[in-house]
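Here's an informal tour of the structure below. Have the viewer open as you read.

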Amino acid sequence: QVQLVESGGGLVQAGGSLRLSCAASGSIFSINAMGWYRQAPGKQRELVAAITSGGSTNYTNSVKGRFTIARDNAKNTVHLQMNSLKPEDTAVYYCNGNIRSSMWSRRDYWGQGTQVTVSS
């Protein structure tokens, strides 16, 4: 069993910062890419940022220059530093990990989600 547990969401004023963290635990053989997605009310879930096991990153255009994704492979954690937050960043943020629980089993796992609310 693999679990992803997020922390760090909350309410912040526009222009402020938040740092989201996600820790993977359980039966983990290896972790490939990890990422953060978000879903705003009435909208589809979208990829915000992703990072490979080697450290390559990609971001959706709307957060480039404001958000930074990083991971600690030794601790099986991934973080999302969010600066210069805007009201349109308001959403539930989900951690995602493409994880092998054994040499023969690989799938995507999701965290429970953490609410980020940016007030204007």
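## A buried isoleucine

Keep in mind that this is a predicted model. Let's start with I51, whose neighbours outside its own stretch of sequence are N32, A33, M34, S56, T57, I69, A70, R71 and V78. That list leaves out residues up to four places away in sequence. I51 itself belongs to strand β5, which covers residues 46–51.

Is I51 buried or exposed? Its relative accessible area is 5%, and because the cut-off for buried is under 20%, I51 counts as buried. One of its contacts, V78, sits 27 residues away in sequence, yet the two C-alpha atoms are 8.6 Å apart in space.

## The four-stranded sheet

Now for the sheet. Four strands make it up, in the order β1-β3-β8-β7, and it is open, with antiparallel pairing. The edges are β1 (2–7) and β7 (67–72), each of which pairs on one side only. From one strand to the next, the twist averages 15°. As a reminder, strands of a sheet pair through backbone hydrogen bonds, either parallel or antiparallel.

Walk across it starting at β1. This strand pairs with β3 (residues 18–26) in the antiparallel sense, over six bridges, and here V2 stands opposite G26 of β3. Next, β3 pairs with β8, again antiparallel and over six bridges; look for S21 of β3 opposite H79 in β8.

## Strand β8 and its hairpin

How many residues of β8 are buried? Five of the six in this strand (residues 77–82) are, so β8 is largely enclosed by the rest of the structure.

On its other pairing, β8 meets β7 through six bridges in the antiparallel sense. R71 stands opposite V78 of β8 in this pair, and both of these residues are also on the contact list of I51. Together β7 and β8 form a hairpin with four residues between them. If you want a landmark in the turn, pick N76, which has a positive phi of about 55°.

## A nonpolar patch on the surface

For a contrast with the buried spots, turn to the surface. Which residues form a nonpolar patch there? They are F29, M103 and W104, and together they have about 450 Å² of accessible area.

Zoom in on W104, found in the loop between β9 (91–102) and β10 (105–110). Its relative accessibility is 76%, and since exposed means over 50%, W104 counts as exposed.

Methods. Residues numbered from 1 in each chain as written. Predicted model: local features only at pLDDT ≥ 70, side-chain atom pairs only at ≥ 80, totals over all residues. Heavy atoms only, no water. Helix = DSSP H or I, 4+ residues; strand = E, 2+ residues; numbered from the N terminus. Buried < 20%, exposed > 50% of the residue type's maximum accessible area, 1.4 Å probe, protein only. Contact = heavy atoms within 4.5 Å. Pairing = 2+ DSSP bridges. Axes fitted to C-alpha atoms, helices over the stretch in contact; angles between N-to-C directions. Patch = residues over 30% accessible without salt bridge, like charges linked within 9 Å, V, L, I, M, F, W, Y side chains within 5 Å. Areas by Shrake-Rupley, 256 points an atom, 1.4 Å probe, with all protein chains shown as cover. Salt bridge = Lys/Arg side-chain N within 4 Å of Asp/Glu carboxyl O.
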